[in-house]
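The following note sets out, point by point, what a colleague may wish to check when going through this model. Each point can be read against the sequence and the coordinates.

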Amino acid sequence: MTRVLVTGASGYIGRRLHAFLTAGGHEVIPFQGDVATDDLVIGGRFDVIVHLAGAAGPYSAEVDPVRAVQSHVLGTMRLLQANGRSARVLYASSLFVFPPGVEACAPNDPTGPETLYGACKEAAERAVLHDFGVVLRLANVYGPPARGDVVSRWISNVLVGESIVVHNPHRIM
């Protein structure tokens, strides 16, 4: 049986991943605390760490930049120092590590974040990859039951005849 730590287990992806892994017979340790400060994440030994926790998007990083650095960079480093060499680490990053205007990207394309959020994600990526982990760059994750995601907001806006607002870290259309 594989022992899996899932950080951000109360989030949209984390809840589904927890259910999926549990149904597959894995021992899942859901973690919903603060990876930057909570000692629980360094107390156990895990076969796999799925690191989903962190500040949610570029706007949260603008509102609380210290928290963004703590959750993404410091939190990731703490996980890796405590468990990374003995566990396979999968890190959920973001397309914000790329410069604006990049429409398609490959794993080895040069990064160039222009937001604090993107810079924090990029720093965490580098740490994870240095320790032979795996990085997934996610964007606009959605599905039922959606709560506050961009696609469900757009659909709701269209249904009531309102405009669709597309946010970009560099401009609002």
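**Note on the predicted model**

1. Ser-71 is placed in helix H4. The model under review is a predicted one. The relative accessible area of Ser-71 is 2%, and the residue is therefore classed as buried, the limit being under 20%. Apart from residues up to four places away in sequence, Ser-71 touches Val-35, Ala-36, Gly-54, Ala-55 and Thr-76. For one of these, Gly-54, the C-alpha to C-alpha distance to Ser-71 is 4.9 Å, at a separation of 17 residues in sequence.

2. As to the overall architecture, the protein has six helices and seven strands. Read from the N terminus, the order of elements is β-α-β-α-β-α-α-β-α-β-α-β-β. Of the 173 residues, 36% are buried. The exposed area is about 9,900 Å², of which carbon and sulfur atoms supply 59%. When contacts between residues at least 6 apart in sequence are considered, 68% of them join residues at least 24 apart.

3. Which strands form the open sheet, and in what order? There are five, arranged as S2-S1-S3-S4-S5, and their pairing is parallel. The edges are taken by strand S2 (27–31) and strand S5 (134–138); each has a single partner strand, so one side of each lacks a neighbour in the sheet. On average, neighbouring strands are turned by 15 degrees against each other, direction ignored. In general, the strands of a sheet pair through backbone hydrogen bonds, in either a parallel or an antiparallel manner.

4. The pairing of S1 with S2 can be followed residue by residue. Strand S1 covers residues 3–7 and pairs with S2 in the parallel sense over five bridges. Val-6 has Pro-30 of S2 as its bridge partner, while Thr-7 stands opposite Phe-31, also in S2. S1 is mostly covered, with four of its five residues buried.

5. The packing of a helix on the sheet deserves attention. Helix H5 (residues 116–130) lies across S5 and strand S4 (88–94), and runs at about 160 degrees to S4.

6. Which residues touch the most other members of the largest nonpolar core? They are Leu-5, Ile-49 and Val-128, in a core of 16 residues. Two or more residues each are given to this core by S2, helix H4 (65–84), S4 and H5. The largest share, three residues, is that of H5. A second, separate core has eight residues, among them Val-6, Leu-21, Val-28 and Ala-92. It is a general tendency in soluble globular proteins that nonpolar side chains are buried together.

7. The surroundings of Ile-49 can be listed in full. With residues up to four places away in sequence left out, Ile-49 touches Leu-5, Leu-79, Asn-83, Ala-87, Arg-88, Val-89 and Leu-90. Leu-5 thus appears both here and beside Ile-49 among the best-connected core members named above.

8. The structure holds one aromatic pair. Its partners are Phe-96 and Tyr-117, with a centre-to-centre distance of 5.7 Å and an angle of 80 degrees between the planes, an edge-to-face arrangement. Why does the pair tie together parts that are apart in sequence? Phe-96 lies in the loop between S4 and H5, whereas Tyr-117 is in helix H5, so the pair ties together parts 21 residues apart in sequence. The burial of the partners should also be recorded: Phe-96, at 26% relative accessibility, counts as partly exposed, and Tyr-117, with a relative accessible area of 9%, is buried.

9. Ala-106 is likewise found in the loop between S4 and H5. Its relative accessible area of 35% makes Ala-106 partly exposed. Neighbours within four places in sequence aside, Ala-106 is in contact with Phe-98 and Arg-137.

10. Finally, a backbone value should be checked at Phe-132. This residue has a positive phi of about 65 degrees although it is not a glycine. Phe-132 lies in the loop between H5 and S5. Is Phe-132 buried or exposed? Its relative accessibility is 63%, and Phe-132 therefore counts as exposed, the limit being over 50%.

Conventions
Residues numbered from 1 in each chain as written. Predicted model: local features only at pLDDT ≥ 70, side-chain atom pairs only at ≥ 80, totals over all residues. Heavy atoms only, no water. Buried < 20%, exposed > 50% of the residue type's maximum accessible area, 1.4 Å probe, protein only. Contact = heavy atoms within 4.5 Å. Areas by Shrake-Rupley, 256 points an atom, 1.4 Å probe, with all protein chains shown as cover. Pairing = 2+ DSSP bridges. Axes fitted to C-alpha atoms, helices over the stretch in contact; angles between N-to-C directions. Core = buried A, V, L, I, M, F, W, Y, C linked by side-chain atoms within 4.5 Å. Phe/Tyr/Trp six-rings, centres within 6.5 Å; stacked < 30°, edge-to-face > 60°.
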